[in-house]
Each structure stands twice: as C-alpha cells, then as structure tokens.
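Dear colleague,

I am passing the structure below to you for your records. My notes on what was found in it follow directly after.

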Amino acid sequence: MNKPELLAPAGDFEKLITAIHYGADAVYLGSSRFSLRHKADNFELEELKRAVEYANQKGKRAYVTVNIFPHNRDIGPIRQYIGHLKTIRPDAIILSDPGVLTIAKRLYPDLPIHISTQANITNKEAALFWESMGARRLILSRELTIDEIREIRDAVSVEIEVFVHGSICISYSGRCYISSFLASRIANLGHCTNSC
C-alpha cells in the first residue's frame, strides 16, 4: 500500500515554509486572480517561482491552482499565466474547468493535471471522464461517503485525493451564490465570504 501524500494550502510564503516544516509532502498555491483562495495573500509570478523552487529544494511538491470558473474575459490572461508556468515548472496544475484543461494541455503538455474538488466529482462516470481527458489526479467532491470514494477508486487508475479538513460549504464544493447575494462577492471566482 502506498503512503498517502499530505497536501496543505500555502496562502503565502510564510505558510508554505510552515507547512513544509511541519511535515506536508506537498503544498498548493496560486495567484489571487485564478485561484479560489482569493482571500489568501497568494503569490505573484516571481514569488510563485521562488515558492516552487523552495518546495522542490526541500524534496516537496508544489501544485499551482488555476481553479476559478473563468468567463471569456479571463481566457486570454489564463493563457498568459499558463505560459508563464512553463518557466516556473510546478509539479502539477489544479484546475476545474474543461476549457482551462484544454488550454493547459495545448500550452504545457508535460504539466500534470489535477482536477479540483470544484469540478464536483461525485460519481465514477465523472471520474472516468476526467481520466479520459488526461488528468493524473482527481480531487473528489467533499460530500462523498467512504463507500462512494471506494467505488470511484475502484473505477479509475489515476490518483485520488480527498479532503480530511477544509471548508464545508452548504453547496457542492463552493458552487454557491449566498456570498454573491449577501455581499456581492462571487464564491466561484474565489471571493467567498463564507456567509453560511
């Protein structure tokens, strides 16, 4: 049996160092513009490169999130951002949108793709779909039971990731409009106020 990877969020450089110091095998991080952790301090491109290098020097992995649900206005900047990732060389990209997956595969075909919990993988057919699209890891929906996770695990040959702690939204993994209605902040673009 393989040892599970302990993956922790790194909202800024200090949190990245802390997560690695206390035993994380990998961290996930991103920019404010394309990550759903908008309230974190996040990383500009130069900082992101330094963060990935730091993690790798410590023998750890760094995954970059591009997991917003983009609108047309976001596509050009996302293309540029993924182009920059070629020089940053993260260990994988975490995404949730099929269009972003297409862009990533076209611009950076060697970059491993992890499908975000935001894609709401709640069944084995969805898991098989993402596997057929070239994903290397599926981050399952937080709303699943152990038996449902096992069924998906048995159906696919790619890596599976599950949350053991994190936001527990009243909607499926952040697909919520309460924050939009109450505070004019869109959860699906990373601005959730956790109004629930």
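For a pair of helices, axes are lines fitted to C-alpha atoms over the stretch in contact, and angles run from 0 to 180 degrees between N-to-C directions. Helices are DSSP runs (H or I, at least four residues), as are strands (E, at least two), numbered from the N terminus. The model is predicted: local features need pLDDT of at least 70, side-chain atom pairs count only at pLDDT 80 or more, and totals for chains, interfaces and linings use all residues. Residues are numbered from 1 along each chain as its sequence is written, and side-chain values use heavy atoms, with hydrogens and water left out.

Helix 3 packs against helix 4 (residues 98-107) at about 40°, the axes lying 10 Å apart. Helix 3 is therefore oblique to helix 4 (neither under 35 degrees, over 145, nor 65 to 115). Residues of helix 3 that meet helix 4 include Ile78 and Ile82, and those of helix 4 include Ile103 and Leu107 (contact means heavy atoms within 4.5 Å).

The largest nonpolar core (buried Ala, Val, Leu, Ile, Met, Phe, Trp, Tyr and Cys residues joined through side-chain atoms within 4.5 Å; buried means under 20% relative accessible area, exposed over 50%, partly exposed in between, with a 1.4 Å probe and protein chains only) has 48 residues. Among the members touching the most others are Ile82 and Leu85. Helix 3 (residues 72-88) supplies the largest share, 6 residues. Beyond four places in sequence, Leu85 is in contact with Leu48, Val64, Pro90, Ile93 and Tyr108.

Ser31 lies in the loop between strand 2 (26-30) and helix 2 (45-57). Ser31 counts as buried because its relative accessibility is 8%.

With kind regards
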